[in-house]
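Got a minute to go through this one together? Pull up the viewer and let's start.

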Amino acid sequence: MADFDEVQVTHIPRGENCRADILSKLASTKNPGNHRIVVQQSISMPSWMMIMTSANDWRQPTMAYLEKGTLSEDQLESKKLVRDATQYTIVNDQLFRKGLHIPMLKCLNSEEAEYVLAEIHEGINGHHMGGKALTRKALQAGYYWPTMEADSNEHVKRCDSYQKNAKQIL
């Protein structure tokens, strides 16, 4: 306010401010649809479940098979799923990959994987490492997704700092 020459504060009664009145009624109403001026959206399931059931999530067929025994109609795909499902387990509604020499790795979808790569590569302890090292760090941190190496290499290619300071192979 110090930068302005003049400041005027005016009190507007709630009855004269329709938008604030509608918002206050909307917050206190229990029956949706009472105020047709305000756009309301009904959500069929909680938002965290919508994220879990996204169409491009590679974990869904494996989780469906492990939880309910659901298989695809494609014979080859079903055989592959049954064979590969032995490497996975579900703990607290989360899919984990089991291994002989590695601990259980939390399986991530593509959005979570991108966040993990960004945090490892550029985060507070990020070293702007190369693609293979980035993949190893993600495994050591306890994460897994099928396209780890390709995603790590793509992430490194998009990083300007890494591209500017990487060793130049002549």
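**Around one tryptophan**

Student: Which residues is Trp 145 in contact with, leaving aside its neighbours within four places in sequence?
Tutor: This is a predicted model, where local features need pLDDT of at least 70, side-chain atom pairs count only at pLDDT 80 or more, and totals for chains, interfaces and linings use all residues. Numbering runs from 1 along each chain as its sequence is written, and side-chain values use heavy atoms, with hydrogens and water left out. Contact means heavy atoms within 4.5 Å. On that basis, the partners of Trp 145 are Trp 58, Leu 108, Ala 113, Leu 117, Ala 138 and Asp 151.

Student: Which residues touch the most other members of the largest nonpolar core?
Tutor: Such a core is a set of buried (under 20% relative accessible area, 1.4 Å probe, protein chains only) Ala, Val, Leu, Ile, Met, Phe, Trp, Tyr and Cys residues joined through side-chain atoms within 4.5 Å. This one has 17 residues, and those touching the most other members are Ile 120, Leu 134, Tyr 144 and Trp 145.

Student: And which element gives the most to this core?
Tutor: Elements are DSSP runs numbered from the N terminus: helices are H or I, at least four residues, and strands are E, at least two. Those giving two or more residues are E3, H5 (110–122), H6 (131–140) and H7 (148–158). With four residues, the top giver is H5.

Student: What is the strand order in the open sheet?
Tutor: Strands pair if DSSP finds at least two bridges between them. E2 (94–97) and E3 (105–107) pair antiparallel over two bridges. The four strands, with mixed pairing, run E1-E2-E3-E4.

Methods. Buried means under 20% relative accessible area, exposed over 50%, partly exposed in between (1.4 Å probe, protein chains only).
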